[in-house]
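Me: Got a model open here and want to go through it quickly. Mind taking a few questions?

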Amino acid sequence: MSASGRTRSAAAPLARRRLLAGMAAGAATLAAGGCARGDSTSAQPGTTSISNDNATWDDGYRAAGRELEKITGYALRPLSNPSVTSYQQVVQMTLQTSKATDLVKWASGYQLKRLARAGGLTDLSRVWGKYEAKGWVRGASRDAVSYRGKVYGIPLYESYYVLFYSKPVFKRLGLSEPRSWDELLHCAEVLKRNKITPFLASQVGGWPAIEWFQELVTKVDPRFYQKLITGEASYTDAPARQAMDIWHDFMRKGWMTSPDFDQARGPGALKAGTVGMFLHGTWQAQGMTAAGMEPGADYGAFILPTVGSATPKSVIAESGVFTVPARASSHDAAMANVGTWLAPPVQRVWSDFLQDSSANPTVRSENPVVAALQRDVTEQRRIPLIRYWEASPPSLIQGNTNDLGGFMAGQTSPATTLRRMQERAQDEWAAWRRDEA
């Protein structure tokens with residue numbers, strides 16, 4: 001569907017079929033030519049291959065694989081494709097063939113449901129059950145890795161969406177970490193008065209446009225968000241309108257960076273003191289270290305306060321997953337490794353590499369900022385909420401993300417943006433449910 005939010009025309013199904021056919025042809029070409037970094041996907045004794053779209057994690061996979069090898073006898077062999085689009089195409093084309101890798105990194109939520117619906121994935125419900133019995137997974141996250149009651153993904157990590165902030169800037173201006181909405185607004189006012197942009201906001205790369213939307217809606221009403229992402233509430237309802245009005249007000253006040261500000265520059269901007277706060281996943285802690293910032297000294301992080309004092313506390317949690325293709329060439333080895341992935345010795349190495357939260361709640365991060373956030377989530381009994389990108393049918397999320405990007409660029413008003421998003425939601429939920437029937 002187009003980003004305009006208009007309902008499908010009669011020609012749309014034909015256009016979609018042509019698009020999918022073109023994607024399939026392109027994916028077949030990519031698969032035949034070999035698009036992943038690393039060795040062949042064919043079996044190699046003593047290893048399980050991992051298809052993934054993030055080459056910067058290859059060293060982490062290898063380090064975690066050495067711990068796995070001590071337990072299962074199998075190391076990890078990452079095969080990385082840096083192009084997200086071609087990566088997804090190749091995975092979907094090869095999933096039910098002998099070309100499938102042993103393990104596939106994928107997104108959770110509806111991205112995983114769509115992949116599972118196509119067939120070709122191994123049921124991991126028994127693996128999940130063993131992890132849950134040991135307390136190595138959060139029961140509340142099961143739905144995000146399941147389709148029709150069966151588990152098809154094992155969590156790869158757990159990241160929280162938080163506001164990183166510059167400790168030196170806050171100290172110099174006499175600011176403390178905000179614990180309430182009023183305190184957050186005070187921080188923003190002081191930063192702006194001192195010629196520092198309070199918040200980083202970006203639509204570069206497309207998907208970042210969801211970050212402020214999901215944060216503000218959940219801090220207005222997390223229960224509404226849960227209904228919204230399942231199609232039980234409308235984007236034009238009062239909580240969504242309030243969230244968009246807050247966001248619009250922040251932009252009008254000059255509290256946010258230009259939407260073409262690249263998030264890759266975020267850590268550097270915090271270090272330089274040109275931006276005060278940076279909304280992003282806790283996996284960004286790696287970027288802070290790369291920019292020469294010391295956790296707890298140069299930067300801190302907090303979860304966005306609720307807009308109302310009586311609003312239940314929540315946190316957006318993101319997790320990728322490992323899936324196992326049913327026709328993986330080293331299927332037994334893959335099952336051994338996916339069944340041991342969340343073991344504390346493996347997760348200790350993996351979490352240290354990411355400087356992020358482990359999907360195993362018994363493993364604490366070595367990064368003191370992230371460890372404090374883990375404690376906060378537990379002690380405050382925050383409602384865990386799935387990230388918007390994985391929360392609803394993919395075609396709905398992609399179209400709505402485009403609309404949010406247009407709103408950030410000043411192309412549409414809050415009301416128009418929400419109306420378009422709701423029109424698309426009605427259309428895409430109907431399409432998803434028809435396909436489910």
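Me: How far apart are the mean positions of the positive and negative charges of the protein?
Reply: This is a predicted model. In it, the mean positions of the two kinds of charge lie 3 Å apart. The protein has 50 positive and 40 negative charges.

Me: OK, and the surface. What share of the exposed area do carbon and sulfur atoms supply?
Reply: They supply 51% of it. The protein exposes about 18,200 Å².

Me: How many helices and strands?
Reply: There are 17 helices and 13 strands in the protein.

Me: Why does the radius of gyration agree with a compact globule?
Reply: Because a compact globule of 437 residues would come out near 22 Å, and the protein has 22 Å. As for the C-alpha trace, its span along the principal axes is about 60 × 55 × 40 Å.

Me: What percentage of residues count as buried?
Reply: Of the 437 residues, 54% do.

Me: Which residues touch the most other members of the largest nonpolar core?
Reply: Leu163, Phe199, Trp212, Phe213, Trp247, Met277 and Tyr388, in a core of 58 residues.

Me: Take Trp247. What does Trp247 touch, leaving out residues up to four places away in sequence?
Reply: Trp247 touches Ala209, Trp212, Phe213 and Leu216, along with Met256, Leu404, Phe407 and Met408.

Me: How many residues are in the second core?
Reply: That separate core has 41 residues, among them Leu68, Leu115, Val324 and Val338.

Me: Last one, contacts. What share comes from residues 24 or more positions apart?
Reply: Such pairs account for 77% of the contacts with a separation of 6 or more.

Note on methods: Residues numbered from 1 in each chain as written. Predicted model: local features only at pLDDT ≥ 70, side-chain atom pairs only at ≥ 80, totals over all residues. Heavy atoms only, no water. Helix = DSSP H or I, 4+ residues; strand = E, 2+ residues; numbered from the N terminus. Rg over C-alpha atoms; globule rule 2.2 N^0.38 Å. Buried < 20%, exposed > 50% of the residue type's maximum accessible area, 1.4 Å probe, protein only. Contact = heavy atoms within 4.5 Å. Areas by Shrake-Rupley, 256 points an atom, 1.4 Å probe, with all protein chains shown as cover. Lys, Arg positive; Asp, Glu negative; His and termini not counted. Charge placed at Lys NZ, Arg CZ, Asp CG, Glu CD. Core = buried A, V, L, I, M, F, W, Y, C linked by side-chain atoms within 4.5 Å.
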